[in-house]
Amino acid sequence: MAATEPDKAPDKASSTVSATDLGGGVWTIPVPIPDNPLGNTLVYVLESERGPVLVDAGWDDPASLAALTSGLESIGTAITDVHGVLVTHNHPDHHGLSQAIVDASGAWLAMHEADAAHVHLFNTAPRSQWLEHHLAILQAAGAPQSALDDLTGLRTASIARKPRMRLATPDRTLVHGELADVAGRDVRIVWTPGHTPGHVCLHLEEAIGPAGERAGRLLSGDHLLPDITPHIGLYEDTEESDPLGDFLASLAKVASMPVTGVLPAHKHLFTDAAARVDEITAFHETRLANLRARLVAAPLTLWEIAVGMDWNRPWEQLNAQNRQIALSEAAAHLRHLIKRGQAGAATLDDPIRYTAS
């Protein structure tokens, strides 16, 4: 996803945004994501005794910042008043504007330690390391030379087009089961790894359920979305890593919670968390079954697995970056089949071919 040029001023009319009052001291502001079919990130504002606390920040772009500023002003506050930012996960449409908010307000910034580690790696690793790492993944997967050349060209163009960005470093840690620092309200941190290793949801404990439990709405980030599923790719190439297994377990965790409504980071609000969990789980189980059937028919390289999977566009229409994302998601599904004992390496050739077990 490409941000607008840094010296391009936002269109003031298009960035005038009003927040929507969701009741109970919660508002949502649609912050645009440039050149992306998702359209925007739903940034949530939580009223607290020490000032507004944001859940996520939005994409780092002048028009996005103008929209967030406008939305805050529509509820009688300002970006300079922000007391803290709770980041559900380290992706640019959620964490991108964090530094601008901290610079304007002095707000604290909180994130799960697993994603904070990725922020540190992004800020300190040489730019060349990203390309070297992903080229190695392509080679191991059995990708053709043209795919390696396309990724190299994309990365070279990106570096030439814009300076290196730095991600805001969190100064607080979100710990599963603890309450976030939102004075005057109970906001429970729920660790939901899968989309990223440190993804969290936030449970607004607003009422007492029938069994005496603390019930309320769930700020679900990208973990639970109304009509799309988040990208699930390999966090790291170790035998222990199983992001899809983490994601399915996180879904089950959320389904068992007393959730009265879901406030996702994209699209629209919805009510039945457990039903949506069932739909997403069924989607991935179908994907796993289809992949295993293909591996029964013939041993495949990871590249061949990815090419043959269903994506939101035909494989031929995916650019080099989106193919890399698709390859990572294919790898996560293959890894989960291996963890289940339903697939394994057919040969140890270079590249490795996999078959059903």
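Strands, as named in these close-ups, are DSSP runs of E at least two residues long, numbered from the N terminus. Everything shown comes from a predicted model.

**View 1. The cis peptide bond ahead of Pro351.** Going from Asp350 to Pro351, the peptide bond is cis, and its omega sits near 10 degrees. Pro351 belongs to the loop that links β13 (343–345) and β14 (354–356).

**View 2. Asp35 and its positive phi.** Here's a backbone angle to check: Asp35 isn't a glycine, yet its phi is positive, near 55 degrees. Look for Asp35 in the loop between β2 (26–32) and β3. Strand β3 (40–46) comes back in the cavity view, where it supplies at least two lining residues.

**View 3. Helices α7 and α8 side by side.** α7 covers residues 243–255 and α8 covers residues 273–297; their axes come within 9 Å and cross at roughly 160 degrees. Angles over 145 degrees count as roughly antiparallel, so that's the label for this pair. The crossing of α7 and α8 is left-handed. On the α7 side, the contact uses Leu244, Phe247, Leu248, Leu251 and Ala255, and these meet Ala274, Val277, Ile280, Thr281, His284, Glu285 and Leu288 of α8. Sorted by type, the α7–α8 contact residues come out as nine nonpolar, two polar and one charged.

**View 4. α8 again, this time against α10.** Helix α10 (residues 320–339) packs on α8 at an angle of about 80 degrees, and the two axes are 10 Å apart. With 65 to 115 degrees counting as roughly perpendicular, that word therefore fits α8 and α10. α8 brings His284, Arg287, Leu288, Leu291, Arg292 and Leu295 to the contact, while α10 brings Glu329, His333, Leu334, His336 and Leu337. The tally for the α8–α10 contact is five nonpolar, three polar and three charged residues. His284 and Leu288 of α8 also appear in the contact with α7.

**View 5. The cavity and its lining.** Rolling a probe the size of a water molecule over the atoms shows where empty space is left. How many cavities of 30 Å³ or more does the structure hold? Just one, and the largest cavity has a volume of about 30 Å³. Its lining consists of Leu42, Tyr44, Val55, Asp56, Thr88, Leu219, Ser220, Gly221, Leu263, Pro264 and Ala265. Three strands, β3, β11 (214–221) and β12 (259–264), each supply at least two of the lining residues. β11 gives the most, with three residues. By type, the lining splits into seven nonpolar, three polar and one charged.

Note on methods. Residues numbered from 1 in each chain as written. Predicted model: local features only at pLDDT ≥ 70, side-chain atom pairs only at ≥ 80, totals over all residues. Heavy atoms only, no water. Axes fitted to C-alpha atoms, helices over the stretch in contact; angles between N-to-C directions. Helix = DSSP H or I, 4+ residues; strand = E, 2+ residues; numbered from the N terminus. Parallel < 35°, antiparallel > 145°, perpendicular 65-115°, else oblique. Left-handed = near helix turned anticlockwise from the far one by under 90°. Contact = heavy atoms within 4.5 Å. Nonpolar A, V, L, I, M, F, W, Y, C, P; charged D, E, K, R; others polar. 1 Å grid on protein atoms, 1.4 Å probe; cavity = no way out; pocket = protein on both sides within 12 Å on 5 of 7 lines; lining within 4 Å. Points joined across faces, edges and corners; volume = space filled by probe spheres on them.
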